[in-house]
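User: Could you help me learn to read a few helix and backbone features?
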Amino acid sequence: MRAITLAEYGGPEVLQLNDVPVPEPGPGQVRVAVRRAGVNPIDWKIRSGAMAGGAALEKPQIPGLEVSGVVDAAGDGAELSVGDEVFGWSATGPYAEFALGGTLIRKPADLSWDDAVALPVAGETALRVLRLLDVKAGELLVIHGASGAVGRLATQIAVARGVTVIGSAGQRNLDEVKELGAIPVRYGDGWAERVREVADRPVDAVFDTSGHGVLPESVELRGSADRVVTIADAAAFELGLPFSSGGQEGQTTEVLHEILSQVRGGLRIAQGKSYPLAEAAAAQEESQGGHPGGKLTIAVS
């Protein structure tokens, strides 16, 4: 099969299109004929070696986490069947024509391949941090980066739960943030004062998805360090604030079903550019640039 492989850490040029053996599912596993692979910042952070702690890459690997596609082979005892349309997390890397499923559920027929592959990472992150913040109906939540992949899902989920959301974004995305149900505020210098101008009560919680140095003012705005969480700003460690990062413990079918229940309620997903498999390096370059304007995907078939 054709697959993008990573044999050494470095820039986008280390991603190579190669022919590799098709993986075979073991007991309880399924193999997926990949339709779409999701592109996430963690992909290029791993490629660069930033996550390796100085250790060398032990063996070539296929990048990626998120997959949507069709089950084409099933091992003994697998809960999914050949022909099932599925989405979730891959076990072997989905920048390839075939991948073994890690955690998957069936995809509704009316959910597109692109929308399905946009859900696992951003959806799990949004749900995880909203749980940490424990926001409730009637409370006021500030979301930094409300037009980004995680921010827009968190905004819509919180609004659906009866939370009032003030969402920060760039000038060109303010109308979009308003359409998501939030009160839009332009980020950048003076953002905290702009929040105070539109807030009709004290801020109960702050969710930083952007990492643009907003944490000190967020604590001041909140009135304490309690219920301020970031997924993007390492300054949290110096400030004694929670930095929430995902892991395999969050990759469960229960989480996928919860995300899906939110989507069935009408969540809107922003799609960016879809790249062919051979242009995976360009997809990661756009992701690393920081302004993709929507979910980046790799269209495998």
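Analyst: Happy to; we will look at a buried helix face and then at some unusual phi values. This is a predicted model, in which local features need pLDDT of at least 70, side-chain atom pairs count only at pLDDT 80 or more, and totals for chains, interfaces and linings use all residues. Residues are numbered from 1 along each chain as its sequence is written, and side-chain values use heavy atoms, with hydrogens and water left out.

User: Which residues of helix H10 are buried?
Analyst: Buried means under 20% relative accessible area, exposed over 50%, and partly exposed in between (1.4 Å probe, protein chains only). Helices (H or I, at least four residues) and strands (E, at least two) are DSSP runs, numbered from the N terminus. In H10 (residues 280-289), Ala280, Ala281, Ala283, Gln284 and Ser287 are buried. They span an arc of only 160° around the axis, which puts them on the same side of H10; the arc is that of the directions from the helix axis to the C-beta atoms.

User: What is the phi of Gly290, just after H10?
Analyst: Gly290 takes a positive phi of about 90°.

User: What about residues that are not glycine?
Analyst: Most residues other than glycine have a negative phi. Here, Asp134 has a positive phi near 55°, and Asp134 sits in the loop between helix H3 (120-133) and strand S7 (140-144). Arg227 also has a positive phi, of about 65°, and lies in the loop between H7 and strand S11 (228-230).

User: Is Arg227 buried or exposed?
Analyst: Arg227 is buried, at 19% relative accessible area, while Asp134 is partly exposed, at 42% relative accessibility.
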